[in-house]
Amino acid sequence: MPAPVTIEFNDRVVRQFILATVLWGVVGMLVGVLVATQLNFWQANFATSWLTFGRLRPLHTNAVIFAFVGNMMFAGVYYSTQRLVKARLASDFLSQLHFWGWQAIIVAAAITLPLGLTRGKEYAELIWPLNVAVAFIWVVFAVNFFWTLARRREPSLYVAIWFYIATIVTVAMLYIVNHLSLPTSLTHSYPLFGGVQDALVQWWYGHNAVAFFLTTPILGIMYYFLPKAAGRPVYSYRLSVVHFWSLVFVYIWAGPHHLLNTALPDWLQTLGMTFSLMLWAPSWGGMLNGLLTLRGAWHLLRTDPVLKFMAAAVTFYGMATFEGPLLSIKSVNALGHYTDWIIGHVHGGALGWNGFMAAGMIYWLLPRLWDRPLHSVALANLHFWLGTVGILLYLGAMWASGITQGLMLGATTEGGTVLAYPNFLDTLNTIRPLMLMRVIGGTLYLAGFLLLAYNLWRTLRGARPVDGTVEVMAEPAAPDAAGRLGLLATFLNPPVLFSVLGTGFACAWMFGGDAVSVLGIGGLLLSTALALAHWQSRGRAWAGWYDRLLVNSAPFTVLTFIAVAVGGLVQMIPLAVAHKAANVEDRRQVPYTPLELAGRDLYVREGCYTCHSQMIRTLVPDVLRYGDYSRLGESIYDHPFQWGSRRTGPDLARVGGKYPHVWHLRHMEDPRAISAGSNMPAYPWLLVNDTDVAALPGRLAVQRTLGVPYPEQSPAEVLAQVDRQARAIADDLRAAGATVEPGREIIALIAYLQRLGRSEEVGAARPAQ
């Protein structure tokens, strides 16, 4: 019999990630308070290019998601995994490479984003060299994690490990596909996808980044740390099985609900809404499993700040996952989309679920990682109440602001033929007090987190770092011959076969013609009935197969990947095949001239998409306010798409030709001189900086590779075309009393803005306005 040995866990890397979590949490929240202040007081942009809202808002979102939650996730995963598998992390070198590589990426993002180096896609703004670095470090994380699983001394995989596996494989898939790009230089690239394809891929990624970066790993952390903190077992193992598989399968289909009432094909909108509504069940199953784990321990919430934070976090998770499906209903989405309601929804999850779970985990870990009691339980309790009041003020303000703005923008008179509030600024000025309340709420939340940082510092001062240990048998655990799952046993078994049949029939029902649809719904009902009958009669066989699956990490990982990949394939393959210029009906986009393309790159650089949409929805108020609704073909050559997700300013899809050149010049120079009450920052540097025309030949070549029908031109021909159009705009400005050199960036931006909305009718030579 092998002798027992004592294993010392690698908790050094856990401590490092904890410290980084607190540091970047403070930075991300501080930037968040600043950008919220900028929406109330335009002077807070400081007339400085790298401090404007459009450049700092991506810094805020990336800092909170990838720096704050990312570091917290890695700390929780590494701490819990070692104890769940009774093995030290496989490689100290990979652990350190992971930590320092991730911090280097964060620092690089903090430098490049304020400089305007961006891809112009939400939560995916980082330039391509950083994308490559993220993918590399993620692979390092995956290798270290799965190598540790291979060395485990605990045969079966606990539920938390399931969620970590789903996170690792799905985030890799999402990140790589959405960040496929063709570089034009070391700091610039164009996405491989364009127009509606890019929109679908972006929100397949964006929605599921929330699912698999901000939700599934934190659920795994919940399943480990909440029972530990409460001293109670997980309420229901069976519910955790249903929760995991239904969540990872259903979540991946729901991305199109971010694009309701747009030019996205209707079948995709219906698909996204349907699966979003289905998310209610698994999401609330997980919430209930977490809260019911506290049965018999509720009295501890009066004195234990760890349980306060974790119970509130799970509650906020339930609130956010109720609100998300609600907002995916088309009629509700028509009211809430492009308003502050969406901002409130996102922050309910980020501050309440992620932020409070992080705080609870950190307070629980500090005494165990540094062998010293927490400096002040009272300060931790004060942190909880400051954070809770801050969140409630924030959410209340954003709900009221979003619904108010949605109602005002959608209000009509004269039998629905005239807008009740034709001036967009009427709505903006109405919600200003609510936007100020958001700043107050965010500041209170930040103050609470600063208390955590102070408490951590006082706890660590003079403390001794300690690593956990466990006594185990010398030989790693491995499944015996009877427990191993081969290829046939993994896939040819009732749970998998019935799942495949059900999914296939459901797709036939949703996407087939009349006869196929009837066959699909009949097959779905029959396969469901047969599955339930088989489970009732052979339930032990199902449970036995799953128990065997849990001691075989590779088959488990493969099945998880298939579960998450199928939804993306069903959505993207048909659209990729059909979305071609030759297949577009009604209207097709006219490619930008070289100067207009340069202006579009400036628009992306300045982050204008964070406040302005370029998508007029198929809603009467949108059409009355902005013009004819946007067609699928009108953005077919846009790399990246710029449909936007928030309207702090009006939609720009048909702004071209609406105002003279000098109006755009004065608007960028001093927005309040044109639109009294505007909160838009001024952009004086555009009037003095020169357009980078030397980069245009290379960028046009990449656009041609991506399928945009640009003719072959020499660099001299490109520059001559740019010069002609720039001089024409400069001459027009001079005639209106404004003198600007043709080479300035403002000239290129004006050229781009005046082009928006121009398309050609399919089968006709004339442009459509």
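**Cavities, pockets and domains of a predicted model**

The second largest cavity has a volume of about 230 Å³. This is a predicted model, in which local features need pLDDT of at least 70 and side-chain atom pairs count only at pLDDT 80 or more, while totals for chains, interfaces and linings use all residues. Residues are numbered from 1 along each chain as its sequence is written, and side-chain values use heavy atoms, without hydrogens and water.

**Cavities**
- Glu634, Ser635, Asp638, Ala653 and Gly757 are the closest to the centre of the second largest cavity, among its 19 lining residues (an atom within 4 Å of a point of a 1 Å grid where a 1.4 Å probe fits but cannot get out).
- This lining has 6 nonpolar, 7 polar and 6 charged residues, with Asp, Glu, Lys and Arg counted as charged, Ala, Val, Leu, Ile, Met, Phe, Trp, Tyr, Cys and Pro as nonpolar, and the others, Gly among them, as polar.
- In total, the structure holds 6 cavities of 30 Å³ or more, a volume being the space filled by probe spheres set on points joined across faces, edges and corners.

**Largest pocket**
- The largest pocket (an open set with protein on both sides within 12 Å along at least five of seven lines) has a volume of about 1,900 Å³.
- Of its 47 lining residues, Trp245, Ser246, Pro495, Ser499 and Trp542 are the closest to the centre.
- Helix 19 (a DSSP run of H or I, at least four residues, numbered from the N terminus) gives the most to this lining, with 13 residues.
- The lining of the largest pocket comprises 34 nonpolar, 11 polar and 2 charged residues.

**Domains**
- The domain assignment (automatic or from a database) gives domain 1 (492–577) and domain 2 (587–761).
- The centres of domain 1 and domain 2, taken over C-alpha atoms, are separated by 47 Å.

How values were computed:
Helix = DSSP H or I, 4+ residues; strand = E, 2+ residues; numbered from the N terminus.
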